[in-house]
Amino acid sequence: LRHPSAATAAGCLAPPVIFNFGDSNSDTGGLVAGLGYPIGFPNGRLFFRRSTGRLSDGRLLIDYLCNFSLRFEAKIKLAREFAGQSLNTSLLRPYLDSLGGSRFQNGANFAIVGSSTLPKNVPFSLNIQISQYVHFKSRSLELASSSRQNDIARSFSKDNSYSQTVKMIPQIVSEIKSGVKRLYDEGGRRFWIHNTGPLGCLPQKLSMVQKKELDQHGCLATFNSAAKVFNQGLDHMCDELRTELLEATIIYVDIYAIKYSLIENSNKYGFERPLMACCGYGGSPYNYNVNITCGHRGSNVCDQGSRFISWDGIHYTETANAIVAIKVLSLQFSKPPTPFHFFCLR
């Protein structure tokens with residue numbers, strides 16, 4: 001995983017400022033802070049020892065990119081090598097936490113659980129998140145932009161066919177492109193764009209689809225195929241933006257490849273059941289029931305020492321997020337391979 005430029009990357013000389021846009025995979029408490037939606041224990045049990053509004057037992061990928069603490073990662077091979085490649089800044093506070101008086105000195109997180117790209121004018125779509133940023137603007141011009149998985153997942157949940165879902169993708173990508181250009185017009189110059197992960201490997205999807213066409217690792221082939229089509233479109237969009245937005249630095253990160261590798265090589269990473277949720281209901285093979293989800297009465301949770309990829313059937317455990325962060329910081333999955341320190345203010 002080691003990359004020469006990552007190994008020699010210097011620390012930030014001035015505090016970095018990051019603005020994140022996304023969904024529940026990077027929501028650090030916006031849903032709770034802004035809407036009062038209850039996300040209780042055992043969420044947050046591993047690192048924070050309490051629920052912080054994150055849908056995980058601990059930290060998310062965005063948390064690791066901000067500050068790769070070694071408190072827990074000492075148990076993970078190669079973690080020490082990449083701890084120095086994070087930005088060593090405070091964890092991002094949700095924008096809606098401004099209701100509680102947060103100061104947002106290192107940026108803000110606009111990601112909200114359940115958000116998508118389309119439809120564009122409903123809370124809290126990408127368009128609305130960008131409007132929130134424009135309203136908030138006055139702090140910094142450095143931006144991190146995370147992609148989202150809810151558009152494709154919702155299409156399948158409405159019983160749309162594969163062809164119907166794929167037909168929607170150009171419109172979704174076009175809206176994301178418009179969002180990036182809007183941020184550029186507002187002064188944004190550094191963009192970190194993640195593609196979507198392997199949706200067909202999520203226990204939630206696996207448990208809810210009746211007719212399963214599975215790949216060699218037990219994931220839903222059609223879901224993953226649609227995710228790949230979307231990612232190809234997003235990659236092409238980034239290529240276009242590099243020629244259209246000449247002052248911008250646009251990094252495309254292949255999160256799909258990183259996350260699918262955890263499924264493919266689950267034994268190597270010590271994951272016991274790669275397609276089963278740690279917290280949920282129903283037991284093997286997926287431990288997911290849409291009516292009894294993690295934290296609700298009747299749900300169960302695995303031992304803290306257990307190694308699971310999925311926390312609640314949709315989101316990752318802290319252990320899995322840590323490994324994803326290590327691979328992101330390795331630069332092997334970034335195009336072009338640019339150290340995360342490019343967010344440092346110079």
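Asp27 is buried, with a relative accessible area of 1%. That places Asp27 well under the 20% cut-off for a buried residue. The model is predicted. Its secondary structure comes to 13 helices and eight strands. Of the 346 residues in the protein, 56% are buried. Among contacts between residues at least 6 apart in sequence, 71% join residues at least 24 apart.

**Asp27 and its surroundings**

- Asp27 sits in the loop between S1 and helix H2 (30-35).
- Leaving aside neighbours within four places in sequence, Asp27 is in contact with Gly53, Arg54 and Leu60.
- Under that same condition, Asp27 also touches Asn109, Ala111, Ile112 and Val113.
- Asp27 and Leu55 are 28 residues apart along the chain, and their C-alpha atoms are separated by 7.9 Å.

**Strands S4, S5 and S8**

- Strand S4 covers residues 190-194, and five of its five residues are buried.
- S4 is therefore largely enclosed by the rest of the structure.
- In a regular strand the side chains alternate between the two faces of the sheet.
- Both faces of S4 are covered.
- Arg190, Trp192 and His194 are buried on one side of S4, and Phe191 and Ile193 are buried on the other.
- S4 pairs with strand S5 (residues 249-253) in the parallel sense, over five bridges.
- Trp192 has Ile251 of S5 as its bridge partner.
- His194 stands opposite Val253 in S5.
- S5 is mostly covered, with four of its five residues buried.
- S5 is also joined to strand S8 (residues 334-335) by two bridges, and these two strands run antiparallel.
- Val253 stands opposite Ser334 in S8.
- Val253 therefore links the two pairings: it faces His194 of S4 and Ser334 of S8, with the strand pairs defined by at least two bridges.

**Helix H11 against helix H13**

- Two packed helices are described by the angle between their axes and the distance between the axes.
- Helix H11 (residues 255-264) packs on helix H13 (residues 318-329) at an angle of about 135 degrees, and the axes are 10 Å apart.
- H11 and H13 are therefore oblique to each other.
- The crossing of H11 past H13 is right-handed.
- From H11, the contact uses Ile255, Ile258, Lys259, Ser261 and Leu262.
- From H13, the contact uses Ala320, Ile323, Val324, Lys327 and Val328.
- By class, this contact of H11 with H13 has seven nonpolar, one polar and two charged residues.

**Lys259 in H11**

- Lys259 lies in helix H11.
- Lys259 is buried, with a relative accessible area of 13%.
- Leaving aside neighbours within four places in sequence, Lys259 is in contact with Asn25, Gly197, Pro198, Tyr316 and Val324.
- Val324 is also one of the H13 residues in the contact with H11.
- Lys259 and Tyr316 are 57 residues apart in sequence and 9.8 Å apart in space, C-alpha to C-alpha.

**Helix H7 against helix H8**

- Helix H7 (residues 150-157) and H8 pack at an angle of about 150 degrees, with axes 10 Å apart.
- H7 and H8 are therefore roughly antiparallel to each other.
- H7 and H8 make a right-handed crossing.
- On the H7 side, the residues that meet H8 are Asp151, Ile152, Ser155 and Phe156.
- On the H8 side, their counterparts are Tyr162, Thr165, Met168 and Ile172.
- The contact of H7 with H8 divides into five nonpolar residues, two polar and one charged.

**Helix H6**

- Helix H6 spans residues 126-136, and its buried residues are Leu126, Asn127, Gln129, Ile130, Gln132, Tyr133 and Phe136.
- An α-helix has 3.6 residues a turn, so residues three or four places apart point the same way.
- The buried residues of H6 pack against strand S1 (18-20), strand S2 (107-109) and helix H8 (162-185).

Conventions
Residues are numbered from 1 along each chain as its sequence is written. This is a predicted model: local features need pLDDT of at least 70, side-chain atom pairs count only at pLDDT 80 or more; totals for chains, interfaces and linings use all residues. Side-chain values use heavy atoms; hydrogens and water are left out. Axes are lines fitted to C-alpha atoms, for helices over the stretch in contact, and angles run from 0 to 180 degrees between N-to-C directions. Angles under 35 degrees count as roughly parallel, over 145 as roughly antiparallel, 65 to 115 as roughly perpendicular and the rest as oblique. A crossing is left-handed if the near helix is turned anticlockwise from the far one by less than a right angle, and right-handed if clockwise. Contact means heavy atoms within 4.5 Å. Ala, Val, Leu, Ile, Met, Phe, Trp, Tyr, Cys and Pro count as nonpolar, Asp, Glu, Lys and Arg as charged, and the others, Gly among them, as polar. Buried means under 20% relative accessible area, exposed over 50%, partly exposed in between (1.4 Å probe, protein chains only).
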